[in-house]
Amino acid sequence: MRIAITGANGQLGRALQATLARAIRAVGGEKLRDAEVIPLDLPQWDITNPHHTTQLAALRPQLVIHCAAMTDVDGCARNPEQAFRVNAFGTQNVALACQRAGAAMVYISTNEVFDGSSERPYLEFDKTNPINPYGESKLAGETIAARLVHHLYVVRISWLFAPNGNNFVSKILARADQYGTLQVVTDEVANPTYAPDVAEAIWRLITTEHYGTYHLVNEGYCSRYEYAIEILKQAGQAHVPVQPITRDQFKRASRPPTFAPLRNTVGAALGIYLRPWQEALRDYFQQQR
Ligand SMILES: NC(=O)c1ccc[n+]([C@@H]2O[C@H](COP(=O)([O-])OP(=O)(O)OC[C@H]3O[C@@H](n4cnc5c(N)ncnc54)[C@H](OP(=O)(O)O)[C@@H]3O)[C@@H](O)[C@H]2O)c1
């Protein structure tokens, strides 16, 4: 099995490379005898360059895990054209490469395809309605991939964190060090999700060939404020004062959905669960030591 990973140097891409290498070694056997992971990323592999996607098809992958994206949500709000160029047109190129190679595709999407007005966590088949350019461009990627690729997994995740990544955990700790006090919003709610856990869940998913839409997030959800409190507690910095504020008091370019946690029901039906996010956070801190 030849598996290509786009955005291979990002948080999820790195976790996938580690997980797939380990899993292939552990499983071995006839099916995975010629298994190969092909990591692709900028600057050699630009998903917005159609020539590069022709080259991707020529690599004859059997599966492409498409992680590459413009993930700077505020950057997407400031430059929606670029957001669509990478997240929609780039996905179109990757999907066409899959079509030409006859490969299956895993498209990594986001909780921000939802508007956040729900009163319960979003299920896999709930109606999408993004409210910012990041969510709109990621949803366009979902739609394009579904039109072009027959064997498709759409895997939605939220608030990703990974060792050595640039994420909410690393930002909270850096700001606590720098300012000794924090202000964090209470009215933005989602699921903190640990990249190594998603990578493991994706590995299990692709062995099922059960194509469809999945919400592969760690169990449980919280506000950004509650998340920051838990991060500081686990980092041994519970003494750092955190002032709760609302989104109106925190000016940023993008408008995130208010209540957009995801609920994993389809993966769960296949026996694919992720542990509670607080446990995953403990693992993160152990890896950092
Ligand atoms: N991070 C989150 O909280 C979050 C939440 C929900 C969903 N997701 C989705 O999960 C996926 C992985 O996220 P992540 O946090 O691992 O992202 P990440 O760390 O930002 O990694 C994305 C990777 O894609 C690369 N990339 C950007 N533009 C590209 C292009 N035109 N061609 C090829 N590669 C390109 C980036 O390279 P450079 O670094 O050089 O730009 C980077 O290596 C994305 O699809 C994202 O939309 C993320």
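# Notebook: a walk through the predicted model

**Overall build.** I began with the radius of gyration: a compact globule of 289 residues would come out near 19 Å, and the protein has 19 Å, so the two agree. I am working from a predicted model here. I then boxed the C-alpha atoms along the principal axes and got roughly 55 × 40 × 35 Å. For secondary structure I counted 10 helices and 12 strands. Buried residues make up 44% of the 289. I also looked at contacts with a separation of 6 or more, and 84% of them join residues 24 or more positions apart.

**Around the ligand.** How many residues surround the ligand? I found 27, and the closest are Gly 7, Gly 10, Gln 11, Ala 68 and Ala 69. Sorting the shell by type gave me 13 nonpolar, 11 polar and 3 charged residues. Next I asked which elements supply at least two residues each. They are α1 (11–27), α4 (80–101) and β4 (104–110). Of the elements, α1 gives the most, with 3 residues.

**Helix α2 and its two sides.** Which residues of α2 are buried? I noted Thr 53, Leu 56 and Ala 57. Looking down the helix axis, I saw these buried residues fall within an arc of 95°, so they line one face of α2. This is a pattern I know from helices: with 3.6 residues a turn, residues three or four places apart point the same way. On the face of α2 turned away from the buried side I found the exposed residues His 51 and Ala 58. The cover over the buried residues of α2 includes β1 (2–6), β2 and α4.

**Ala 97, looking back at α2.** I went to α4 next, and picked out Ala 97, which sits in that helix. Is Ala 97 buried or exposed? I counted 28 other C-beta atoms within 10 Å, and so it is buried. Setting aside neighbours within four places in sequence, I listed its contacts as Thr 53, Leu 56, Ala 57 and Val 64. Three of those names were already in my notes, since Thr 53, Leu 56 and Ala 57 are the buried residues of α2. I also checked Ala 97 against Arg 78: they are 19 residues apart in sequence, and their C-alpha atoms are 29 Å apart in space.

**Backbone oddities.** I looked for unusual peptide geometry and found a cis bond joining Leu 42 and Pro 43, with omega about 0°. Pro 43 is in the loop between β2 (36–40) and α2 (50–58). On the other side of α2 I came to Arg 60, which follows the helix and has a positive phi near 55°. Arg 60 is not a glycine, and its place is the loop between α2 and β3 (63–66). With 13 other C-beta atoms within 10 Å, Arg 60 is partly exposed.

I noted a positive phi at Glu 209 too, about 55°, and this residue is not a glycine either. Glu 209 lies in the loop between α7 and β10 (212–215). Its count of C-beta neighbours inside 10 Å is 10, and so Glu 209 goes down as exposed.

**Helix α7.** From Glu 209 I stepped back to α7 itself. The 12 residues of α7 should span 16 Å at 1.5 Å a residue, and I find its end C-alpha atoms 16 Å apart, in agreement. Of those 12 residues, 10 are buried, so α7 is largely enclosed by the rest of the structure. The buried set includes Asp 197 and Glu 200 alongside Val 198, Ile 202, Leu 205 and Ile 206.

**Helix α10.** My last stop was α10 (residues 277–288). Its 12 residues should span 16 Å at 1.5 Å a residue, and the end C-alpha atoms are 16 Å apart, which agrees. The buried residues of α10 are Trp 277, Ala 280, Leu 281 and Tyr 284. Down the axis of α10 they fall within an arc of 105°, so they line one face of this helix. What do the buried residues of α10 pack against? I wrote down β6 (160–161), α6 (168–179), β9 (193–194), α7 (195–206) and α8 (224–234).

Notes: Residues numbered from 1 in each chain as written. Predicted model: local features only at pLDDT ≥ 70, side-chain atom pairs only at ≥ 80, totals over all residues. Near = placed C-beta within 6 Å. Helix = DSSP H or I, 4+ residues; strand = E, 2+ residues; numbered from the N terminus. Nonpolar A, V, L, I, M, F, W, Y, C, P; charged D, E, K, R; others polar. Rg over C-alpha atoms; globule rule 2.2 N^0.38 Å. Buried ≥ 20, exposed ≤ 12 C-beta atoms within 10 Å, placed from the backbone. Contact = placed C-beta atoms within 7 Å. Expected span 1.5 Å × (residues − 1). Arc of directions from axis to C-beta.
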